[in-house]
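Please find below a short note on the aromatic ring pairs of this model. The points follow one chain of contacts and then turn to the wider set.

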Amino acid sequence: MSLIIEPIRAFDDNYIWLLHRPGHPSCAVVDPGAARPVIERLQREGLRLDAILITHHHGDHIGGVADLRRLWPQAEVFGPADHRITGVTQVVGDGDRINLAGLKLEFEVMAVPGHTSTHIAYLDDAHLFCGDTLFAAGCGRVFDGTFEQLAASLRRIAALPAQTCCYCAHEYTLANLGFARWVEPESTAVTAAIAAAEQQRALDQPTVPTTLAEEFAVNPFLRTAEPVVIAAAEHFAGAPLDGQAQVFTALRRWKDERYD
């Protein structure tokens with residue numbers, strides 16, 4: 001039976017991802033920053049929480065874990081090795097595989113540091129739960145990771161099949177597309193993506209997930225080998241840039257300093 005993946009909204013713009021299968025009570029959630037919206041949704045739908053997947057330590061991704069485990073103490077909590085995350089029952093790292101038997105799901109863990117030093121993502125055949133590493137049309141800020149790490153993590157994600165669906169944790173799409181238009185003002189793909197996202201938001205619909213194929217067309221942080229993107233990054237930097245990591249760093253600094 002098909003896997004159902006649905007967003008649970010939290011705070012101003014977070015998405016907690018709910019995974020379940022029709023007719024079965026077992027479910028998992030990804031990055032539950034708040035417990036109440038998850039509890040209300042699961043109780044309303046008669047679901048049983050069996051697993052919690054954590055991508056990184058920020059409070060808007062882990063804040064609900066303790067309360068959820070009080071209600072569902074059997075739930076396994078998967079997360080990276082990081083003392084800032086409490087409640088993890090199974091520490092996982094790059095290359096590990098986790099089996100969610102109740103959901104008939106297996107994930108590979110990918111290390112994708114940069115936004116934070118211990119950030120991980122969860123990948124199955126068609127879905128990537130990427131936390132705050134990759135956003136629709138953007139990427140996360142660098143906190144306790146490095147620009148070089150985040151650039152490498154995005155290149156690693158970009159090597160996945162183009163039809164991979166990317167489930168990020170925030171509704172930042174229109175803001176990210178605004179920056180993408182700064183970088184590529186003549187891009188018809190960016191213009192079309194803005195129109196589509198505006199229509200979705202007008203209907204109060206999420207703009208995510210997106211596929212990597214869609215991201216390759218509009219996301220400047222995945223387009224660091226494109227001449228027009230390189231030229232825009234060099235104009236901001238005021239100097240030639242050597243390689244994709246330097247282009248990425250210039251773009252991320254540009255967005256941090258002039259756009260956000």
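1. In this predicted model, Trp254 has a relative accessible area of 12%, so it counts as buried, the limit being under 20%. Trp254 belongs to helix α9, which spans residues 244-259.

2. Trp182 is partly exposed, at a relative accessible area of 41%. Its ring centre lies 6.4 Å from that of Trp254, and the two planes meet at 35 degrees, so the pair is tilted. This contact links distant parts of the chain, since Trp182 sits in helix α5 and Trp254 in helix α9, 72 residues apart.

3. The total number of aromatic pairs under the distance criterion is twelve. One of them joins Phe179 and Trp182: the ring centres are 6.5 Å apart and the planes are inclined at 50 degrees, so this pair is tilted as well. An angle of 50 degrees is classed in this way because stacked requires planes under 30 degrees apart and edge-to-face requires over 60.

4. Phe179 and Trp182 share helix α5 (residues 173-183), where a spacing of three residues places them about one turn of the helix apart. Phe179 is buried, with 0% relative accessibility, whereas Trp182 is partly exposed.

5. Elsewhere, a cluster is formed through ring pairs among Tyr15, Trp17, Phe107, Tyr122, Phe129 and Tyr167.

Conventions:
Residues numbered from 1 in each chain as written. Predicted model: local features only at pLDDT ≥ 70, side-chain atom pairs only at ≥ 80, totals over all residues. Heavy atoms only, no water. Phe/Tyr/Trp six-rings, centres within 6.5 Å; stacked < 30°, edge-to-face > 60°. Helix = DSSP H or I, 4+ residues; strand = E, 2+ residues; numbered from the N terminus. Buried < 20%, exposed > 50% of the residue type's maximum accessible area, 1.4 Å probe, protein only.
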